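Got your viewer open and a selection box ready? Let's walk through this one stop at a time.

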Amino acid sequence: MKQPVFLVIDSRAVDLRLARPSDREILSNYFSSLSVQSRHNRFLGAMSELPARELDRFVSPSEKNLFTVLATATIDQSERIVGEARFAVYPESESAEFGLSVGDPWQHLGIGRALVQDVEVRAASLGAKRVYGDTFYSNRTIVALARRFGYVATANPGDWRQVRFEKTLPEPQASACARR
């Protein structure tokens, strides 16, 4: 059974789903396709490609509370990743930390918003009461997105170049993205 489409952008269907081990190659291609600035913003430093060990953790996490959500679209008759969000739930502190990226040609089309909402619902359904992320102060797109979604920005306690954005989550509700 085909999953329902999550959003439509320029008549192209974009769906959100959890990563699978079979996504290793297309995820590697996705990260390689990001601009230098987008990779720098996503990984908070210079990185030309995702190391094999880290790529493995993205597609088949060994930790039970670590997840990767992929935004995918069919392009030239094959599934391609157009965005991703990775999050970890920390039950002891009832919190979740996340990071995300959206492919350069797909930015400013609503994919980042959809990924943030999806992560929030998934994290809440796993017991998180707050969610947070870190980015560079210079990453104005993510800082603005976080503010629009009600996140409060503070200085990152570990790095003066970064801002931490944090939000208290509402009680979890039944949702299609929480069940995928």
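Before the first stop, one definition: two strands count as paired if DSSP finds at least two bridges between them. And keep in mind throughout that this is a predicted model.

**Stop 1: a hairpin**

Select residues 66–75, which is strand β3, and add strand β4, residues 78–90. These two make a hairpin with 2 residues between them. Zoom in on the turn and pick Asp76, where phi is positive, at about 50 degrees. Back in the strands, β3 and β4 run antiparallel and are joined by 10 bridges. For one of the rungs, click Thr74: its bridge partner in β4 is Glu79.

Now bring in strand β2, residues 12–18. This strand also pairs with β3 in the antiparallel sense, over 5 bridges. To find your place on this side, look for Arg17, which stands opposite Leu70 in β3. How much of β3 is covered? Mostly, it is: 7 of its 10 residues are buried.

**Stop 2: salt bridges**

Show the charged side chains. How many salt bridges does the count come to? It comes to 11. Let's visit some of them.

You already have Arg17 and Glu79 on screen, so to speak. Their side chains form a salt bridge, with the closest N and O atoms 3.0 Å apart. This pair links distant parts of the chain, from Arg17 in β2 to Glu79 in β4, 62 residues apart. Buried or exposed, where does Arg17 fall? At 5% relative accessibility, Arg17 counts as buried, while Glu79 is partly exposed at 32%. Add Asp23 to the selection and you have a network of salt bridges linking Arg17, Asp23 and Glu79.

Next, select Arg42 and Glu84. The closest N and O atoms of this salt bridge are 2.6 Å apart. Here too the pair links distant parts of the chain: Arg42 sits in helix α2 and Glu84 in strand β4, 42 residues apart. Turn on a surface and check both ends: Arg42 is buried, with a relative accessible area of 13%, and Glu84 is buried with 0%.

For another, go to Glu166 and Arg130, whose side chains meet in a salt bridge of 3.0 Å, N to O. Glu166 belongs to strand β8 (residues 162–168) and Arg130 to strand β6 (residues 130–136), so the pair ties together parts that are 36 residues apart in sequence. Glu166 is partly exposed at 31% relative accessible area, and Arg130 counts as partly exposed at 27%.

**Stop 3: one side of a helix**

Pick helix α3, residues 52–59, and show Leu55, Phe58 and Val59, the buried residues of this helix. Why do they sit on the same side of α3? Because they cover an arc of only 85 degrees around the axis. Now light up what covers these buried residues, which includes α1 (24–33), α2 (36–43), β3 and β4.

**Stop 4: aromatic rings**

Show the aromatic side chains next; a search of the whole structure finds 7 aromatic pairs. Start with Phe31 and Phe43. Their ring centres are 5.3 Å apart and their planes are at 65 degrees, so the pair is edge-to-face. Phe31 lies in helix α1 and Phe43 in helix α2, so the pair ties together parts that are 12 residues apart in sequence. Phe31 counts as buried, at 1% relative accessibility. Widen the selection to include Tyr30 and Phe58, and you have one aromatic cluster made of Tyr30, Phe31, Phe43 and Phe58.

Then hop over to Tyr151 and Phe165. With ring centres 5.6 Å apart and planes at 85 degrees, this pair is edge-to-face. Tyr151 is in the loop between α5 (140–148) and β7 (152–155) and Phe165 in strand β8, so the pair ties together parts that are 14 residues apart in sequence. Both Tyr151 and Phe165 are buried.

**Last stop: Glu97**

Finish by selecting Glu97, in strand β5 (residues 95–102). Glu97 is partly exposed, at 27% relative accessible area. Which side chain does Glu97 join in a polar contact of 3.1 Å? That would be Tyr90. Leaving aside neighbours within four places in sequence, Glu97 is in contact with residues including Arg86, Tyr90, Tyr132 and Asp134. If you like drawing distances, try C-alpha to C-alpha from Glu97 to Arg86: 8.4 Å, for residues 11 apart along the chain.

Notes: Residues numbered from 1 in each chain as written. Predicted model: local features only at pLDDT ≥ 70, side-chain atom pairs only at ≥ 80, totals over all residues. Heavy atoms only, no water. Helix = DSSP H or I, 4+ residues; strand = E, 2+ residues; numbered from the N terminus. Buried < 20%, exposed > 50% of the residue type's maximum accessible area, 1.4 Å probe, protein only. Contact = heavy atoms within 4.5 Å. Polar contact = N/O pair within 3.5 Å; in protein donor to acceptor, adjacent residues only side chain to side chain. Arc of directions from axis to C-beta. Salt bridge = Lys/Arg side-chain N within 4 Å of Asp/Glu carboxyl O. Phe/Tyr/Trp six-rings, centres within 6.5 Å; stacked < 30°, edge-to-face > 60°.
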